[in-house]
Amino acid sequence: MTTPAPTLRLIQISDLHLVEEGRLLRDVMDTPNRMRDVLDRVLTLGPAAIILSGDLGQRNHYVHDDLAAYIGHFQEQLGVPFIAIGGNHDPIDAVGQAFNLAKIASGPELGDTVHDVQGLRIIGLDSHGVGSNYGHLTQQQRDWLAQMIAEPAKYGTLLVVHHPPIPSTTTAQRGSGLRDADKLYEVIKDSDVRAILSGHYHYQVAGTLGHIPVWVSAAASYNFDLFAPGDILRGMADGWATIVDVYPQTVTFSSLLLTHRDEVFAKTVG
Ligand SMILES: [Fe+2]
Ligand SMILES: [Fe+2]
């Protein structure tokens with residue numbers, strides 16, 4: 001069996017939780033530095049687009065203008081489109097006109113965005129959630145989404161929504177995903193939507209919404225220790241991104257560890 005190359009390779013980076021330059025997240029983590037390191041490294045993988053799936057900034061840290069300028073530079077210099085949506089830590093409308101410069105359509109919310117990446121349609125949805133412990137879509141957004149996907153795209157559609165439409169693994173985060181996920185499924189169940197990409201939970205988890213795969217990328221900033229007791233969220237310093245490979249027949253999600261690990265061996269293959 002020959003293994004085909006992916007049609008498209010995307011990189012998903014979630015939950016950067018940026019703070020202002022020179023400051024530290026929770027007094028310990030230099031998230032701006034983590035972001036620069038992540039972007040430098042993922043570009044070596046040749047992505048067709050980079051998806052930022054919410055919680056770009058840490059709550060009460062106003063970093064969005066600087067971030068838009070920074071990724072704008074990457075976009076211009078390297079021609080790699082960035083697709084960004086907000087999360088519950090991002091102020092309302094913080095992901096505004098300065099983001100999603102390559103979009104082909106907008107939706108009812110400022111952060112709703114549609115992109116065509118070489119025939120693959122990527123739709124970002126603002127799931128709100130600022131000041132609340134769950135996310136939701138409005139009926140207006142669902143109606144708009146139905147219009148956007150009424151005709152299939154060449155390579156199908158990926159949805160990006162910060163709050164996952166599947167349950168959390170941790171008991172402490174129960175109920176903090178996307179409310180009324182069944183209403184979203186009603187809209188997309190007969191469409192060309194091939195997968196849903198989320199973040200928010202700060203660990204990897206995969207599931208399905210009806211028959212549609214859901215991938216939750218671990219965070220680029222900190223991630224929760226799933227061994228912690230049920231009422232404790234223990235943030236760990238490991239950071240992750242996801243390689244999303246889009247093939248004609250399938251979409252795969254590979255976790256990409258961004259922080260230190262030891263090599264056991266290396267050998268040349270082929
Ligand atoms: Fe987050
Ligand atoms: Fe979040």
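# Two iron ions, a cavity and a pocket

Colleague: Why is His17 called buried?
Modeller: His17 has 0% relative accessibility. Buried means under 20% relative accessible area, exposed over 50%, and partly exposed in between, with a 1.4 Å probe and protein chains only. The value for His17 is under the 20% limit, so His17 counts as buried. Asp15, also at 0%, counts as buried by that rule.

Colleague: What are these values computed from?
Modeller: This is a predicted model, in which local features need pLDDT of at least 70 and side-chain atom pairs pLDDT 80 or more, while totals for chains, interfaces and linings use all residues. Side-chain values use heavy atoms, without hydrogens and water, residues are numbered from 1 along each chain as its sequence is written, and chains are lettered from A and ligands numbered from 1 in the order in which they are written.

Colleague: What makes a residue a donor to the iron ion (ligand 1), and which residues coordinate it?
Modeller: Donors are N, O and S atoms within 2.8 Å of the metal (3.2 Å for Na, K and Ca); water is not among the atoms, so sites may look incomplete. Asp15 (OD), His17 (NE2), Asp55 (OD) and His202 (NE2) coordinate the iron ion (ligand 1) at 2.0 to 2.2 Å, and these distances are within the 2.8 Å limit. Along the sequence, the donor residues of ligand 1 are spaced D-x1-H-x37-D-x146-H.

Colleague: Why is the site of the iron ion (ligand 1) called irregular?
Modeller: Four donors count as tetrahedral if all angles lie between 85 and 135 degrees; four count as square planar and six as octahedral if opposite donors are over 155 degrees apart and all others between 65 and 115; anything else is irregular. The angles among the four donor atoms of ligand 1 are 89 to 173 degrees. The 173 degrees is outside the tetrahedral range, and the site is classed as irregular.

Colleague: What coordinates the iron ion (ligand 2), and what are its angles?
Modeller: Asp55 (OD), Asn88 (OD1), His162 (NE2) and His200 (ND1) coordinate ligand 2 at 2.1 to 2.3 Å. The angles among these four donor atoms are 91 to 161 degrees; 161 degrees is outside the tetrahedral range, and this site is irregular too. Asp55 bridges the two iron ions, which lie 3.5 Å apart. Asp55 and His162 link distant parts of the chain, 107 residues apart: Asp55 is in the loop between strand E2 (49-53) and H2, and His162 is in the loop between strand E7 (157-161) and H4. Both Asp55 and His162 are buried. Helices (H or I, at least four residues) and strands (E, at least two) are DSSP runs, numbered from the N terminus.

Colleague: How do you know that the buried residues of H4 line one face of the helix?
Modeller: The buried residues of helix H4 (residues 181-188) are Ala181, Leu184, Tyr185 and Ile188. Seen down the axis of H4, they fall within an arc of 100 degrees, so they line one face. The arc is that of the directions from the helix axis to the C-beta atoms. On the other side of H4, Asp182 and Glu186 are exposed.

Colleague: What makes a space a cavity or a pocket?
Modeller: On a 1 Å grid over the protein atoms alone, a cavity is a set of points where a 1.4 Å probe fits but cannot get out; a pocket is an open set with protein on both sides within 12 Å along at least five of seven lines; lining residues have an atom within 4 Å of a point. Grid points are joined across faces, edges and corners, and a volume is the space filled by probe spheres set on the points. The structure holds one cavity of 30 Å³ or more. The largest cavity has a volume of about 40 Å³, and four of its lining residues, the largest share, come from helix H2 (residues 64-78).

Colleague: How do the residues of the lining divide in the largest cavity and the largest pocket?
Modeller: Ala, Val, Leu, Ile, Met, Phe, Trp, Tyr, Cys and Pro count as nonpolar, Asp, Glu, Lys and Arg as charged, and the others, Gly among them, as polar. The cavity lining has six nonpolar, three polar and no charged residues. The pocket, of about 470 Å³, is lined by eight nonpolar, 10 polar and four charged residues. Arg26 is one of the lining residues nearest the centre of the pocket.

Colleague: Is Arg26 buried or exposed?
Modeller: Arg26 has a relative accessible area of 63%, over the 50% limit, so Arg26 is exposed. Its phi is near 50 degrees, a positive value in a residue other than glycine.
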